[in-house]
Amino acid sequence: MNRHICLALSVVTSICCQANSASAQCDMCCQPAFTLQCQTVFEEKQVTAFRLETATLFEERQVVRKIPVWETQQRERRYTVTRPVTETNIREERYMVSRPVYETQMRDASYNQVRNVTETSQREERFTVQRQVWETAEREERFTVMRPVTETVEQERRVTVMRPVTRMETRFADQGCFVDQVSTVPGQLVRRGLTWMPATQVANPVTGQIQVQRPGLVWANIQTPPQQVVNRVWKPNVVAQQVPVTTMCPEEVVERVPVQVCRQVPEEVVRKVPVQVCRTVQEEQVRMVPVTTCRQVVERVEKQVPIQVCKFVQEERVRQVPVTVCRFVQEERVEPFQVRVCRMVEQQETVQVPRTVCKKVPVTYTIRVPRTIMVKVPCGGSIVEPTTPAPSPAPLEPQPETDATAVVEESTELQLVVANDE
């Protein structure tokens, strides 16, 4: 595109140069002269383009669907019920009884008595002693001493003075008294024993039915009856009182005080320092150490103790015991019930499926293509002879709105191509 534009500009420039040279020749000679001028003419051209149109088509298809159909069926439920059956029998029970029999026997309670015998002896003990030997030596020691220099300086000091301030403050005092209050103490669990239980309704654990339990004696927890206890409780009575309160408020006071300032000046001092050097010398010594030895002597002490022994003699006894046996009998029962059953039935249907189809529609429109021609113009200003007759422009047809951009692009390219051909 840029190349075509450059070529068109070069052609127009060359034509203008030729027109200038022709006018110059006209000035030099006396014959009638003319000038060449560039004009642009438009030629009509039929252009065919394609436009996409979308259409919706419906196709018929056979579809098989499953529809649920509900039915009610009569069924039987069989279940087993366990029913208790109680029987009372007399059983002979034999049991062993231990009867105590007391006898007196002599038991040997002899024991050993231990007696300590103490003996003293002398033992020789050798040990090493570290003896210290001290020696005196002199050592030169250099050190720096800070010599104080005192100066008097006057400083400003701020002192905080506490001054008393009295104000009234409200305080609350409790002026209550003790009041007698009665409370109930629940009974305590004393023991577990027989208690009269009235008739109550209970649920049978086997069948789940409500039954009436007969009144009678049962084992239960026995509690003492609740008691009334009188306690002394403090009843508060808060009274507001105005009390004077004195507080110390700080106040800052500025005063000038002379201060002694001590400044330290370093000074080096040399002195002779005697040093005590300790040296350790080992010496062996012998000493007699008394040793006390304790020896134990065992003595036997004889002793007989009478004791009473209780032996149990086994005896067999027989007793009649009533035994209540509860056995469970299983019974089969039948219970009718209704069940809703869902059955899937196939059903064939014809449905229309939409499908989108795109097709190209040809559209014809007219465009105007520009073209540059050369016209001879005499020096008087009127046109003498056109090099190429220019056709009269035809009226433009309305163009479709959808392809306006494409038409403008094609017309621009055609103008550049015509200019290049010229």
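Start by selecting glutamate 267 in this predicted model: glutamate 267 is partly exposed, at a relative accessible area of 38%. Add arginine 147 to the selection. The two side chains form a salt bridge, 3.4 Å from N to O. Glutamate 267 belongs to strand S9 (residues 238-301) and arginine 147 to strand S2 (residues 111-174), so this pair ties together parts that are 120 residues apart in sequence. Arginine 147 counts as partly exposed, with 43% relative accessibility.

Keep the view here and select Glu140, Arg142, Glu268 and Lys272. These residues are joined into one network by salt bridges that share partners.

**The whole chain**

Zoom out and colour by secondary structure. The protein chain has two helices and 11 strands. Along the sequence, the elements run α-β-β-β-β-β-β-β-β-β-β-β-α. Now colour by relative accessibility. How much of the chain counts as buried? Of its 422 residues, 10% do. A surface representation would cover about 34700 Å² of accessible area, and carbon and sulfur atoms hold 52% of that. In a contact map, look at pairs with a separation of 6 or more: 93% of those contacts in the protein chain are between residues 24 or more positions apart.

**Salt bridges between S1 and S10**

The count of salt bridges is 36. Side chains of opposite charge can pair when their charged atoms come close. Select arginine 355 and glutamate 59, whose side chains meet in a salt bridge with an N to O distance of 2.7 Å. Which strands does this pair connect? Arginine 355 is in strand S10 (residues 304-378) and glutamate 59 is in strand S1 (residues 34-108), so the bridge ties together parts that are 296 residues apart in sequence. Arginine 355 is partly exposed at 39% relative accessibility, and glutamate 59 is partly exposed at 30%.

Next, select glutamate 335 and arginine 77. Their side chains also meet in a salt bridge, at 3.4 Å from N to O. Glutamate 335 lies in strand S10 and arginine 77 in strand S1, so this pair ties together parts that are 258 residues apart in sequence. Glutamate 335 counts as partly exposed, with a relative accessibility of 34%. Arginine 77 is partly exposed too, with a relative accessible area of 39%.

**Arginines over rings**

Show arginine 287 and phenylalanine 127 as sticks. Arginine 287 lies over the face of the phenylalanine 127 ring, 4.4 Å from the ring centre. Then move to tyrosine 95. Which residue lies over the face of tyrosine 95? Arginine 319 does, at 4.6 Å from the ring centre.

**The aromatic pair**

A pair of aromatic rings is described by the distance of the centres and the angle of the planes. The structure holds one aromatic pair. To see it, select phenylalanine 178 and tryptophan 234: the ring centres are 4.9 Å apart and the planes stand at 75°, so the pair is edge-to-face. The cut-off behind that label is an angle over 60 degrees. Phenylalanine 178 sits in strand S3 (residues 177-185) and tryptophan 234 in strand S8 (residues 227-235), so the pair ties together parts that are 56 residues apart in sequence. Phenylalanine 178 is partly exposed, with a relative accessible area of 48%. Tryptophan 234 is likewise partly exposed, at 37%.

**A nonpolar patch**

Switch the surface on and select Leu194, Trp196, Leu217 and Trp219. These residues form a nonpolar patch on the surface, and their accessible area together is about 540 Å². Strand S4 (189-197) and strand S7 (216-223) are the elements that give two or more residues to the patch. Within the patch, centre on leucine 194, which lies in strand S4. Leucine 194 is partly exposed, with a relative accessible area of 47%.

**Last stop: asparagine 204**

Select asparagine 204, in the loop between strand S5 (200-203) and strand S6 (210-213). Is asparagine 204 buried or exposed? Asparagine 204 is buried, because its relative accessible area is 16% and the limit for buried is under 20%. Show the residues around it. With neighbours within four places in sequence left aside, asparagine 204 is in contact with Gln209 and Gln211.

Methods:
Residues numbered from 1 in each chain as written. Predicted model: local features only at pLDDT ≥ 70, side-chain atom pairs only at ≥ 80, totals over all residues. Heavy atoms only, no water. Helix = DSSP H or I, 4+ residues; strand = E, 2+ residues; numbered from the N terminus. Buried < 20%, exposed > 50% of the residue type's maximum accessible area, 1.4 Å probe, protein only. Contact = heavy atoms within 4.5 Å. Phe/Tyr/Trp six-rings, centres within 6.5 Å; stacked < 30°, edge-to-face > 60°. Lys NZ or Arg CZ within 6 Å of the ring centre and 35° of its normal. Patch = residues over 30% accessible without salt bridge, like charges linked within 9 Å, V, L, I, M, F, W, Y side chains within 5 Å. Areas by Shrake-Rupley, 256 points an atom, 1.4 Å probe, with all protein chains shown as cover. Salt bridge = Lys/Arg side-chain N within 4 Å of Asp/Glu carboxyl O.
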